[in-house]
Amino acid sequence: MAGKRVTMAEVAKEAGVSIKTVSNAINGVGNVLPKTQKKVDAAVAKLGYRIDTAARYLKTRRHQTIGFAISGFDSPFYTQLLEGMIDEATARGYSVTISTYNQLKGGAEELIREAPYSNADGWIVYASHPLSNEGEVLEGDYPIVQCGNYTAFGKADLITLDNRGSYRETTQLLIDRGCRRIAALCAPEGITRDTYHRQDAVRGAAVIDRLEGYIDALRGNGLPVDWSLIPDGRRWTMAGGASAVNDLLAAGEGDRPDAILCYNDSAALGALYQLQLRGVSVPGNVQVIGFDNIAESRYSSPSLTTVDPMWKDYAKLCVTRLLARINGDDSPYATIALHPRLVERDSTRR
């Protein structure tokens, strides 16, 4: 037989606070002092209190759930970002539901159209491609926060990264340390010397922004843009990074790179593997820098220097902006671009 449901009044009595305070502490609203929150949390754990979600929804019309949508789990960055969102949402009394949209015919836009009919109070959508019709799908009252590297057309809050600025700074660091043949494993498929200026289909993508930051730094230092050092036509996975390095090493000794910037850590780990397989010293002969600061980057051999996108701050901003919209914030939509920082490890010389 099921045990008797513990009531909020019993939690309040155990914690020595009012029922209203217990409600605020559990739902993450109001001004609950940290020591009071600890008392309530301890009472909840001791008594085994469980929230009656059906009753709460009838009373508040809130599911206390937010959604996170991504194309798929093909990058460790998404896993880290999700972890940060769950931590932040949980601390605020919300749960997180997850959906992938790569299997949907209409992609992210189809998911956004269906979002109001889900059991979530709002959604964070990581857009992996530009939204059509100038983001028309974002128009409406349902709370959506977009993240990623494509514009939201001013129709939703956008949390993104200063990809161009961070790549410019990282390339400049390598130039300042004497590197002159810096390869960039960040060109999207189809972007070459001849097509670089006809890139409307991918404008705003991180691959373009990072490539442009790299080119900014080269040109700012009077260095040529050598397209033989910018392999294209690959997905930037470990296999893609290894394949690109294999092609780069096929060049003559004097034409090989002395540094390699990678679109993400996955490509960088593939690059490290291929360089070691070919007997190329890192960082002795070639320095390597990734992007994302995934957990694996600390444990590669050598450990990987990488650009940290500040994913915990990224996740927190996404959640706090969405909760603000859920709670009635009707201020103008904002674009917030975090500036990543370099984490130096053993794959670069200092």
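Me: What relative accessible area does D216 have?
Reply: The model is predicted: local features need pLDDT of at least 70 and side-chain atom pairs count only at pLDDT 80 or more, while totals for chains, interfaces and linings use all residues. Residues are numbered from 1 along each chain as its sequence is written, and side-chain values use heavy atoms, with hydrogens and water left out. Buried means under 20% relative accessible area, exposed over 50%, and partly exposed in between (1.4 Å probe, protein chains only). D216 counts as partly exposed because its relative accessible area is 23%.

Me: Which residue meets D216 in a salt bridge?
Reply: A salt bridge here is a side-chain nitrogen of Lys or Arg within 4 Å of a carboxyl oxygen of Asp or Glu. For D216, the N to O distance is 2.7 Å, and the partner is R164.

Me: How many residues apart in sequence are D216 and R164?
Reply: Helices (H or I, at least four residues) and strands (E, at least two) are DSSP runs, numbered from the N terminus. D216 sits in helix α8 (residues 206–220) and R164 in helix α7 (residues 163–176), distant parts of the chain. Their separation in sequence is 52 residues.

Me: Why does the pair R181 and D226 tie together separate parts of the sequence?
Reply: Their side chains meet in a salt bridge at 3.2 Å, N to O. R181 lies in the loop between α7 and β6 (182–185) and D226 in the loop between α8 and α9 (238–249), so the parts they tie together are apart in sequence by 45 residues.

Me: How close are the N and O atoms in the salt bridge of E139 and K155?
Reply: This pair also links distant parts of the chain, with E139 in the loop between β3 and β4 and K155 in the loop between β4 and β5 (157–161). E139 is partly exposed at 49% relative accessibility, and K155 is partly exposed at 21%. The closest N and O atoms of the pair are apart by 3.0 Å.

Me: Which residues of the largest nonpolar core touch the most other members?
Reply: A nonpolar core is a set of buried Ala, Val, Leu, Ile, Met, Phe, Trp, Tyr and Cys residues joined through side-chain atoms within 4.5 Å. This one has 69 residues, and those touching the most other members are I124 and Y214.

Me: Which helix gives the largest share of that core?
Reply: The share in question is 8 residues. They come from residues 311–326, which form helix α11.

Me: How far from the sulfur of C318 is the nearest cysteine sulfur?
Reply: A disulfide is a pair of cysteine sulfur atoms within 2.5 Å, and the structure holds 0 of them. C318 is buried, with a relative accessible area of 0%. The nearest cysteine sulfur belongs to C147, at a distance of 4.2 Å.

Me: Where does P302 lie, and how far in space is its C-alpha from that of R345?
Reply: P302 lies in the loop between β8 (287–291) and β9 (305–308), and counts as buried at 16% relative accessibility. Contact means heavy atoms within 4.5 Å, and P302 touches residues including D346 and S347. R345 is 43 residues away in sequence, yet the C-alpha to C-alpha distance is 8.0 Å.

Terms used: Lists of a residue's contacts leave out its neighbours within four places in sequence.
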